[in-house]
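Visitor: Could you walk me through a structure, one feature at a time? I'd like the general idea and then the actual case.

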Amino acid sequence: GESTVITGIVTDNTVQHRWTGSTIPTGYDTWVTGAANTELVISGLSPGTYTYNFHARSATDHSCSSSTSVQVVVHQPVSVTISMPSVTNCNPYTVSMSANGTPAGGTYLWSNGMTGQNINVPHGGVYQVTYKAPSGCSATYSIVAPHNPDRVLWIVPEGCYPNVCDAY
């Protein structure tokens, strides 16, 4: 989904140049001089490997030429999600979460420093996971895990209050 720019550098404005290879826009495969068509914008490609060639030649002697090749590797898009957190234990309070990244086979780094696809944490709050696919591409996802109910209920005191107990 991203784009990139490949730049062919010609230090003499009289040198002719052109691009050849995979998915070249119209006009870039024609010999030109100056700064025209030196930057090749690449976008909208499907996953795969694409080869681009930048050719340069003398305007007066076409046998005097040179070229270089660049390979662009487009990887499968990377995504990651976290399943709905679930409370797996009340005492001690434990929340379990699982992340799922595609394509499979990458590594998971959580915002609390934990690693791995599945984690158990002792408290709720916002958690974020960064998934790094084997290609080196990464994706991030955040979710809110439920807090321990004791955290909210601590404000309700236990025991008997004189005014309340006398009423019964």
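Guide: Let's take the pocket, then a loop, then the backbone. This is a predicted model, so local features need pLDDT of at least 70 and side-chain atom pairs count only at pLDDT 80 or more, while totals for chains, interfaces and linings use all residues. Residues are numbered from 1 along each chain as its sequence is written, and side-chain values use heavy atoms, with hydrogens and water left out.

Visitor: How much space lies in the largest pocket?

Guide: Rolling a probe the size of a water molecule over the atoms shows where empty space is left. On a 1 Å grid over the protein atoms alone, a pocket is an open set of points where a 1.4 Å probe fits, with protein on both sides within 12 Å along at least five of seven lines. Points are joined across faces, edges and corners, and the volume is the space filled by probe spheres set on them. Here the largest pocket holds about 500 Å³. Its lining has 18 residues, and Gly1, Glu2, Val74, His75 and Cys137 are the closest to the centre; a lining residue has an atom within 4 Å of a point.

Visitor: Which strand gives the largest share of that lining?

Guide: Strand 5 (residues 65-74), with 3 residues. Strands are DSSP runs of E, at least two residues long, numbered from the N terminus. By type, the lining splits into 9 nonpolar, 8 polar and 1 charged. Ala, Val, Leu, Ile, Met, Phe, Trp, Tyr, Cys and Pro count as nonpolar, Asp, Glu, Lys and Arg as charged, and the others, Gly among them, as polar.

Visitor: On to the loop: is Thr38 buried or exposed?

Guide: Buried is under 20% relative accessible area, exposed over 50%, and partly exposed in between (1.4 Å probe, protein chains only). Thr38 sits in the loop between strand 2 (16-21) and strand 3 (39-42), and its 14% makes it buried. Beyond neighbours within four places in sequence, Thr38 is in contact (heavy atoms within 4.5 Å) with Ile6, Thr7, Gly8, His17 and Trp19.

Visitor: Which residue in that loop has a positive phi of about 60°?

Guide: Asn37, although it is not a glycine. Asn37 is partly exposed at 23%. Thr23 lies in the loop between strand 2 and strand 3 too, with a positive phi of about 45° and 48% relative accessibility, so Thr23 is partly exposed.

Visitor: And where is a cis peptide bond with omega about 5°?

Guide: Between Asn91 and Pro92, with Pro92 in the loop between strand 7 (86-90) and strand 8 (93-102). The bond from Thr102 to Pro103 is also cis, omega near -5°, and Pro103 is in the loop between strand 8 and strand 9 (107-110).

Conventions: Helices (H or I, at least four residues) and strands (E, at least two) are DSSP runs, numbered from the N terminus.
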